[in-house]
Amino acid sequence: MKINTFVNDLRGKSVEELNEELVAAKKELFNLRFQNATNQLDNTSRIKEVRKNIARIQTLITEAKRA
């Protein structure tokens with residue numbers, strides 16, 4: 001259910017806004033990886049979640065460009 005609301009929110013955004021979301025998600029992933037390498041990360045499942053969100057955003061960008 002949470003994922004559906006995330007995707008529906010993204011569908012309402014323009015390509016420029018999706019690109020901004022993508023950059024923010026990639027920065028978050030970098031920070032999570034850095035924290036994981038220094039043993040400061042408590043919730044390691046967040047890395048997997050952010051990676052999947054990046055893929056979702058990229059999919060929506062591709063769909064928008066094809067339409």
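The chain exposes about 5,200 Å², and carbon and sulfur atoms supply 49% of that area. The model is predicted. Of the 67 residues of the chain, 22% count as buried.

The secondary structure comprises three helices and zero strands, giving the pattern α-α-α along the sequence. The C-alpha trace spans about 45 × 25 × 15 Å along its principal axes. Among contacts between residues at least 6 apart in sequence, 61% join residues at least 24 apart.

Helix H2 can be examined in greater detail. The helix runs over residues 15–37, and its 23 residues should span 33 Å at 1.5 Å a residue; the end C-alpha atoms are 33 Å apart, which agrees with that expectation. Its buried residues are Leu18, Leu22, Ala25, Leu29 and Leu32. An α-helix has 3.6 residues a turn, so residues three or four places apart point the same way. The cover over the buried residues of H2 includes helix H1 and helix H3. Just after H2, Asn39 adopts a positive phi of about 60°.

The residue ranges of the three helices are as follows.

| Helix | Residues |
|---|---|
| H1 | 2–11 |
| H2 | 15–37 |
| H3 | 45–66 |

As regards charge, the chain carries 13 positive and 9 negative side chains. The centres of these two sets lie 8 Å apart.

Definitions and conventions
Residues numbered from 1 in each chain as written. Predicted model: local features only at pLDDT ≥ 70, side-chain atom pairs only at ≥ 80, totals over all residues. Heavy atoms only, no water. Helix = DSSP H or I, 4+ residues; strand = E, 2+ residues; numbered from the N terminus. Expected span 1.5 Å × (residues − 1). Buried < 20%, exposed > 50% of the residue type's maximum accessible area, 1.4 Å probe, protein only. Contact = heavy atoms within 4.5 Å. Areas by Shrake-Rupley, 256 points an atom, 1.4 Å probe, with all protein chains shown as cover. Lys, Arg positive; Asp, Glu negative; His and termini not counted. Charge placed at Lys NZ, Arg CZ, Asp CG, Glu CD.
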